[in-house]
Each structure stands twice: as C-alpha cells, then as structure tokens.
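The following note sets out points on the structure shown below, for consideration by a colleague. The points begin with the cysteines and continue through charged pairs to the overall fold.

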Amino acid sequence: EMPKKINFSKLFKEAANPTPLYGIEMMKALSKSKIGFNSHAGIAGDYAANIRLFEVTGVCSCLLTDHKKNISDFFEPDKEVVTYNSSEECVEKVNWLLLHPNELKQIAVAGQKRTLKDHTFEKRAETLHEIILKSL
C-alpha cells in the first residue's frame, strides 16, 4: 500500500506541476523524466495491467513500478524495469538509481527496446486478431 498522506517538501511542491497533462504534452513530460513511477489501482489486484508501463518505457524513462506477479510477462525486472514491493523499497530503489546513472540509463534503454519490440499497438492488434480467429 502506498502511504495515504505524504508530506511533500516546499521545494517539491514548487517544482511539481499541478496541472494534469494529456496526450503529447504528457509524453513530453514523461520523456524528460529520469524515472517514471507507476502504481496500479486496487482493481488490478496482483496483475500488471495498465498503460503507464508502456508509456514510460516507450519514451526511454526508467520505469519504477509496483511488483506484480505477471510483470515478467511484459518486462524483465531489474533489467528492463525496476519493481518495488513497499513504499520503503520504492524510496531505496529511487536513491539507488539516482546514485547509479549508468545503470538507470541502461534499464531505461532496455525497457524502451522491449516496448518497441513487443508492446506496440501493431503487436497487440496481431495478438487480438489471433485470439478472435481461434474463437471463430
């Protein structure tokens, strides 16, 4: 569980953009980030199942996501994305990544390569087409 209330520093509040971003503007902001965070909503349960996985990796930012039992169906943990199991572990991994910029960049590049290879709309459409054909 992520903390219910986080006390952000004044510096963080001043740097944060309170305006929601969508589309190209959101992707531009993600691409400027060294680390992109992801936390699945409760409805996902134990499964990785949101588009943020592919948005962050697609723009070559290092994805830090909550660990789900099927994450390896999409990415190799600690090689293509970084996962955490608690808010404390999340903070530890952020600190480690920031202290190891070469490894951070390697993970980001590997995540982007995986997304562009296996997780494009074209690939998903092919998979959906195969599922439909099998069902007919």
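1. Disulfides. With a disulfide taken as a pair of cysteine sulfur atoms within 2.5 Å, the count is 0. C60 takes part in no such bond, as the nearest cysteine sulfur, belonging to C62, lies 9.4 Å away. The sulfur of C90 is 11 Å from its closest cysteine sulfur, also in C62, and therefore too far for a bond. C60 is buried at a relative accessible area of 16%, and C90 is buried at 8%; buried denotes under 20% relative accessible area, exposed over 50%, and partly exposed the range in between (1.4 Å probe, protein chains only).

2. Basis of the values. This is a predicted model, in which local features require pLDDT of at least 70 and side-chain atom pairs count only at pLDDT 80 or more, while totals for chains, interfaces and linings use all residues. Residues are numbered from 1 along each chain as its sequence is written, and side-chain values use heavy atoms, with hydrogens and water left out.

3. Backbone at C60 and D78. Most residues other than glycine have a negative phi. C60, which is not a glycine, nevertheless has a positive phi of about 70°; C60 is placed in the loop between α3 (52-58) and β2. D78 likewise shows a positive phi, near 70°, and lies in the loop between β2 and β3. D78 is partly exposed, with a relative accessible area of 46%.

4. Salt bridges. A search of the whole structure yields 8 salt bridges, each defined as a side-chain nitrogen of Lys or Arg within 4 Å of a carboxyl oxygen of Asp or Glu. One of them joins E80 and R114, at 2.9 Å from N to O. This pair links distant parts of the chain: E80 is in the loop between β2 (62-66) and β3 (82-84), whereas R114 is in helix α5 (residues 101-118), 34 residues apart. E80 counts as buried, at 13% relative accessibility.

5. The network around R114. R114 also forms a salt bridge with D118, the closest N and O atoms being 2.7 Å apart. Because these two residues are 4 positions apart in helix α5, about one helical turn separates R114 and D118. D118 is partly exposed at 22% relative accessible area. E80, R114, K117 and D118 are linked in a network of salt bridges.

6. A buried charged pair. K68 and D66 form a salt bridge in which the closest N and O atoms are 3.8 Å apart. Both K68 and D66 are buried.

7. Nonpolar surface. L128, I131, I132, L133 and L136 form a nonpolar surface patch with about 540 Å² of accessible area together. Patches consist of residues with over 30% relative accessible area and no salt bridge, like charges being joined within 9 Å and nonpolar side chains (Val, Leu, Ile, Met, Phe, Trp, Tyr) within 5 Å. Accessible areas come from the Shrake-Rupley method with a 1.4 Å probe, and for residues only the protein chains shown count as cover. L128 belongs to helix α6 (residues 121-135).

8. Overall fold. The chain contains 6 helices and 3 strands, taken as DSSP runs numbered from the N terminus (helices: H or I, at least four residues; strands: E, at least two). Their order along the sequence is α-α-β-α-β-β-α-α-α. Of the 136 residues, 32% count as buried. Contacts are heavy atoms within 4.5 Å; among those with a separation of 6 or more, 56% join residues 24 or more positions apart.
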